[in-house]
Amino acid sequence: GLLQKLSGFLVALLLVPMLAGYGLAFAGTLKSLDAVTSAQVSFVLGWAIYLAIHTIVWKPSRLYVFGHELLHAVAIWVSGGWVHSFKVSKEEGSGTGTRGNLLVYLAPYLVPFYTVLAVLVFFVLGWFYDLVLLSHWFYGALGGSLAFHLSFTAETLKHKQSDIEKSGVFLSFVLIVWTNLIFVVWAFSLVNPAVRVWPYLAEGFNRGGAMYTAVFRQLFSV
């Protein structure tokens, strides 16, 4: 209803300074990256190769739709609900369940499913095999899967989405950008040990707090 949309808009508005803080922290993280390493080259190559395929050759839409709907289903399960149906086609998918909340609606936009899957597969295999020789393939897969997620997320959000409408457009965009910044830093941390997620989260929080202070002083001339 109108009250829900208004409350969502106000929450998003209140989150904007914190998002800005995490954006500044992200820029600082990029600046702090060490000199170019072979791992970083593999990551960037994987990213670039996927973007070239996506733009020029082929868009794996069915693969994206499958991951999209699966994340909806996982979010329903996490929320304590049950999935009643799960359908996937080349252009669209659908699913129904007993739970509908912000996590369920936005999960596919917040979480890079295939990036998480690549990390899980690589580390599980690492318990049984020496994967040092395959590490650069992993870094490439990491970059490519992240490019896959961000490309399809950006394209999907160009069109009206019922998930976004239910969650509130402004609030959805704030949460999507914020969460994806964190996942990109997480991916960087796997490629470059100098990048660490917790310090990034702390810096973003501190910068966001400084933003709130600056806004408060500007509004009330303190």
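Author: A quick word on naming: helices here are DSSP runs of H or I with at least four residues, strands are runs of E with at least two, and the numbering starts at the N terminus. You're looking at a predicted model, where local features need pLDDT of at least 70 and side-chain atom pairs count only at pLDDT 80 or more, while totals for chains, interfaces and linings use all residues. Residues are numbered from 1 along each chain as its sequence is written, and side-chain values use heavy atoms, with hydrogens and water left out.

Reader: Okay, let's start somewhere simple. Where is Leu6?

Author: Leu6 sits in helix α1.

Reader: Is Leu6 buried, partly exposed or exposed?

Author: Leu6 is partly exposed, because its relative accessible area is 47%. The scale goes like this: buried is under 20% relative accessible area, exposed is over 50%, and partly exposed is in between, using a 1.4 Å probe and protein chains only.

Reader: And what separates the C-alpha atoms of Leu6 and Gly46?

Author: They are 42 Å apart in space, with their positions 40 residues apart along the chain.

Reader: What about Leu51, which helix is that in?

Author: That one belongs to helix α2. With a relative accessibility of 30%, Leu51 counts as partly exposed.

Reader: Which residues does Leu51 touch, not counting those up to four places away in sequence?

Author: Ala147 and Ser151. Touching, or contact, means heavy atoms within 4.5 Å. Leu51 and Ser151 are 100 residues apart along the chain, yet 7.9 Å separates their C-alpha atoms.

Reader: Let's switch to Ala107. Buried or exposed?

Author: Ala107 counts as buried, because its relative accessibility is 5%. You'll find Ala107 in helix α4. Setting aside residues up to four places away in sequence, Ala107 touches Leu71 and Ala75. The C-alpha atoms of Ala107 and His72 are separated by 6.1 Å, and the two residues are 35 apart along the chain.

Reader: How many residues are in the largest nonpolar core?

Author: That core has 49 residues, and Phe26, Phe43, Tyr109, Leu142 and Tyr200 have the most contacts inside it. A nonpolar core is a set of buried Ala, Val, Leu, Ile, Met, Phe, Trp, Tyr and Cys residues joined through side-chain atoms within 4.5 Å.

Reader: Which element gives the largest share of this core?

Author: Helix α8, which supplies eleven residues.

Reader: Tyr109 was on that list. What does Tyr109 touch?

Author: Leaving out residues up to four places away in sequence, the contacts of Tyr109 include Tyr64, His68, His149, Ile164 and Asn180.

Reader: Back to α8. Which residues can I look at there?

Author: Try Ser189, since helix α8 covers residues 169–191 and Ser189 lies in it. Ser189 is buried, because its relative accessible area is 18%. A polar atom of the Ser189 side chain lies 2.5 Å from the backbone oxygen of Trp186. Beyond its neighbours within four places in sequence, Ser189 is in contact with Val195, Arg196 and Val197.

Phe173 lies in helix α8 as well. At 34% relative accessibility, Phe173 counts as partly exposed. Leaving out residues up to four places away in sequence, Phe173 touches Leu157 and Ile164.

Reader: New topic, empty space. How many cavities of 30 Å³ or more does the structure hold?

Author: One. The work is done on a 1 Å grid over the protein atoms alone: a cavity is a set of points where a 1.4 Å probe fits but cannot get out, while a pocket is an open set with protein on both sides within 12 Å along at least five of seven lines, and lining residues have an atom within 4 Å of a point.

Reader: What volume of space lies in the largest cavity?

Author: About 80 Å³. Grid points are joined across faces, edges and corners, and a volume is the space filled by probe spheres set on the points. The lining has 13 residues, and Tyr64, Phe113, Tyr114, Phe148 and His149 lie nearest the centre of the largest cavity. Helix α3 gives the most to this lining, with four residues.

Reader: And what is the volume of the second largest pocket?

Author: About 210 Å³. Of its 13 lining residues, Tyr50, Leu63, Gly144, Ser145 and Phe148 are the closest to the centre. Helix α6 gives the most to the lining of the second largest pocket, with five residues.

How values were computed: A polar contact is a pair of N or O atoms within 3.5 Å; within protein, one must be able to donate a hydrogen and the other to accept it, and residues adjacent in sequence count only if both atoms are side-chain atoms.
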